[in-house]
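Here is a short report on a model with more than one part. Start with the place where the parts meet, then work inward.

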Amino acid sequence: MNPSVVRLLEKYLIGLCVIAVILFTVFPLAWIILTSVKPANIAVSYPPRFFFTPTLEHYGLLLSGSGGEVLGKAFINSILTTGISMIVTLLVACPAAYSLSRLKPAGGAAIVVFIIGVRMLPPIVLVVPLFRIFQSWGITDTQTALIIPYVGLSVPLATWMMIGFFLNLPKELEEAAMIDGCGRIKAFWHVILPLAAPGLAATSIFTGLLAWNDLVFSLPLTTVDAVTLPVIASRMRVEEGVLWGQLGAVSTIMIIPVILLTFFVQRHIVQGIASGAVKG
Amino acid sequence: MIIASRTVVPKASSRRRTRRLLSSDNSLPYLLLVPALIALGCILVVPLIYNIWLSFHEYNLLRPARNTFVGFGNYLKVIQDPAHVSSLFLTVRFTAITVLAEVILGTSLALLLNLPFPGNHFVRTLVLVPMLISEVVAGLSWRLIYHTEFGLLNYLIGLFGLSPQVWLGPDLALPSVMIVEIWQHTPFVTLIMLAGLQTVPRELLESSMMDGASRWQRFRYVVLPLITPILLLALVFRTMFTLRVFAPVWVLTGGGPADSTLVIGVDIYRAAFRYYNLGIAATLSIILLAVTLAITLVYMRLLRREALT
C-alpha cells in the first residue's frame, strides 16, 4: 500500500481509539450528572432519555426540608474534615520533610524507611481499634474522629512528597539567606516554603482527596452528627428508583470540585503522583 | 574606638551563629521530626498493636463479659470457616484479574497518549478524572448504568438485539464490579507509564528505527526493557491498593448477592459492624496485612533483580 495512505489510516485509527477512550472514561460520570438535572418523571425512564428540559428540582429537594438539613450538614462536615486534615497534615509533614531532606539527622534514613513502610498498612486495619479507642473517649460521630485517621494516613505520603520537593530546591538559596542573617526557621519560612509552593499544592490535593473521598473511616465512625457526603451517598436506598435524581445531585456535588481541581492544577497532580509513586 | 568595637562584636557573634546553624549539629532536626513521629506512632502504630492484641482475644461487643485471651483461636476459626477462606481467595483472584487488566490497558493507553495528536494535553487530563473522584460516586454511577430495569447498559445491548441481563445478579456481579474497579484505576497506571515513557531516550528509538526495527520490535526490545521497573512499581501500588478494596464493592453490591463479591475488606467491615465480632474482624485485617506484606516483598525482590540486571 501507498505509505501516505497507511499514514492516513493510522491517523484515523488513533483518532478512533482516543474517542473510544474519552467516551468510556467520561460517560458514567456524565450520565449521573445528567440524571441529576432530569425531571423526576423521566429520571429513571426506559428507554433512557437523552433530551429533556433540565431542572434543578432534585437539588432543591435536597437542600430543603429534613433531607436538606442532613445534606447541608454532610457538606459542611466534608469541607471541615477535609480542610482541617489538610492543614494539620502540612503542619506536621513539612517540618519533618525539611529535616529529613536538608538537615539529614542521624537515623534519618531509618525514619524514611519507616515512613515508606507504613504506607503499606491497609486503612481498614486501623478501623476496628480506632473505633474502640474513640468509643472509650466518647468521640465517635465527631469530626475529630475522622480528622485523626486522615492525618495519620496522609502524613507518610505528604512527608514523602515534600522530601522530593525540598531536595529539588537549590541549597545555595537558603544558605545565602542564612549568611544574610536569617535563622534556619526564618530561611525556611521566607525562602524555602514559597519556592516549594507547587509541592505544597500537590501535597494538599492528595491529602484533601483522601479525606473528601473516604468511606472506610466515615462509614463506621459516624452515625448522625459527623456524616460526610460519601456516607450520605452510600446510604441512600435507591432500589425503588425514586431517589436516583437526588442521588445524582449528591454525586454531582462531590464530583464537580474534583473535576475543577483536576483541570486547574493538573500539572501539580501529575508531579505529585510522579514523585509520590514513581520514586517509590 | 568604643563605637567601633561595639560594631565589630555583634558581627563576629552573628557569623559564629550562622556557622553553627549551617553545620546543624543542634537538636533542631530532631525537634522538627517530633510531630510527625508522634502522629505516626499514635495514629498508626498504637492501633496496629491494639489490632494484633484484639486478634488474640475473643472480643464481641454483644457479649462483653466473655472477652478472653484465645491465643490463635481466632486464626483457626477463620481458616476453618469456608466463608472467610473463600473471601480471601476471592480477594486474591479479584486483585490478580483487575491489576493485570489495569496494567495492560494502562500501558496501552499511555502508548496511545504518548503519540502526538491535537488535544493531546486535554485528553491526558481528562483520563485522570476517574482515579480522582470518590469510589462511592464511581460505584453509584455504574450502578445506575447496570440497573436491570432502566440501566443504560441493558438499553445499549438491546440495540444490538441482546436480551437484558441482571448485571449485579449472582452470575455477573463479580465481573461487573471488576469492570468498575478497572475503569477507576487504569488512569493511575497510565499516568505512571506516561512518566516512564518520558525516560526512554529519543536517540535510542531513532537509531533502532534506522536499523529497520518495526514498531512492535521497537516496543518489545527497546521501550519495554526500559520501562519494566516502572511497570513493576505500578504493579506493586495497584496490588497493594486492590487487596484492600472496600468502597466500590460496598456501594455496588455490599458483598452480595450470596457472597459472590465478598472481598476481604467487606468481610472485615461486616464482622466488625454487623456481627460486632471485633476479634474476628481484627484477625481478618491482620491476615490482609500479612498478605499485602508478602506480595509486596516478592515484588520488591523482583524489582531489585530488575535493577541489578
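**The contact between the chains**

The model is predicted. Chain A puts 76 residues into the contact, and chain B puts in 73. On the chain B side, the largest share comes from helix α2 (residues 28-55) of chain B, with 16 residues. By class, the side of chain B that touches chain A holds 59 nonpolar residues. A further 11 are polar, and 3 are charged.

**One helix pair across the contact**

Helix α1 of chain A covers residues 3-36, and helix α7 of chain B covers residues 135-146. Their axes come within 9 Å. They cross at roughly 80 degrees. An angle of 65 to 115 degrees counts as roughly perpendicular, and α1(A) and α7(B) are therefore roughly perpendicular to each other.

Which residues of α1(A) meet α7(B)? They are Pro28(A), Leu29(A), Trp31(A), Ile32(A) and Thr35(A). From α7(B) come Leu140(B), Ser141(B), Trp142(B), Leu144(B) and Ile145(B). By class, this contact of α1(A) with α7(B) has 8 nonpolar and 2 polar residues, and no charged ones.

**Chain B as a whole**

Chain B has 14 helices and 2 strands. Its radius of gyration is 27 Å. The globule rule gives 19 Å for 309 residues, and the value for chain B is well over that, so chain B is more spread out than a compact globule. Along the principal axes, the C-alpha trace of chain B spans about 100 × 75 × 40 Å.

Of the 309 residues of chain B, 40% count as buried. Now take the contacts in chain B with a separation of 6 or more: 70% of them join residues 24 or more positions apart.

Is helix α10 (residues 202-210) of chain B in the open or buried? Of its 9 residues, the number buried is 0, so α10(B) lies largely in the open. Just after α10(B) comes Gly212(B), with a positive phi of about 90 degrees.

**Positive phi outside glycine**

Two loop residues, one from each chain, are set side by side here.

| Residue | Phi | Loop | Other C-beta atoms within 10 Å |
|---|---|---|---|
| Lys104(A) | near 45 degrees | between α4 (65-103) and α5 (108-118) of chain A | 11 |
| Ala258(B) | near 55 degrees | between α12 (247-252) and α13 (264-273) of chain B | 10 |

Lys104(A) takes a positive phi although it is a residue other than glycine. Ala258(B) is likewise a residue other than glycine with a positive phi. A residue counts as exposed if 12 or fewer other C-beta atoms lie within 10 Å of its own. With 11 such atoms, Lys104(A) is therefore exposed. Ala258(B) has 10, so Ala258(B) is exposed too.

**A close look at Ile42(A)**

Ile42(A) sits in helix α2 (residues 40-43) of chain A. How many other C-beta atoms lie within 10 Å of Ile42(A)? There are 16, so Ile42(A) is partly exposed. Leaving aside neighbours within four places in sequence, Ile42(A) is in contact with Arg49(A) and Phe52(A). Phe52(A) is 10 residues from Ile42(A) along the chain. The C-alpha atoms of Ile42(A) and Phe52(A) are separated by 8.6 Å.

How values were computed:
Residues are numbered from 1 along each chain as its sequence is written. Chains are lettered from A and ligands numbered from 1 in the order in which they are written. This is a predicted model: local features need pLDDT of at least 70, side-chain atom pairs count only at pLDDT 80 or more; totals for chains, interfaces and linings use all residues. Axes are lines fitted to C-alpha atoms, for helices over the stretch in contact, and angles run from 0 to 180 degrees between N-to-C directions. Helices (H or I, at least four residues) and strands (E, at least two) are DSSP runs, numbered from the N terminus. Angles under 35 degrees count as roughly parallel, over 145 as roughly antiparallel, 65 to 115 as roughly perpendicular and the rest as oblique. Two residues are in contact if their C-beta atoms, placed from the backbone, lie within 7 Å. Ala, Val, Leu, Ile, Met, Phe, Trp, Tyr, Cys and Pro count as nonpolar, Asp, Glu, Lys and Arg as charged, and the others, Gly among them, as polar. The radius of gyration is taken over C-alpha atoms; the globule rule is 2.2 Å times the number of residues to the power 0.38. A residue is buried if 20 or more other C-beta atoms lie within 10 Å of its own, exposed if 12 or fewer, and partly exposed in between; C-beta atoms are placed from the backbone.
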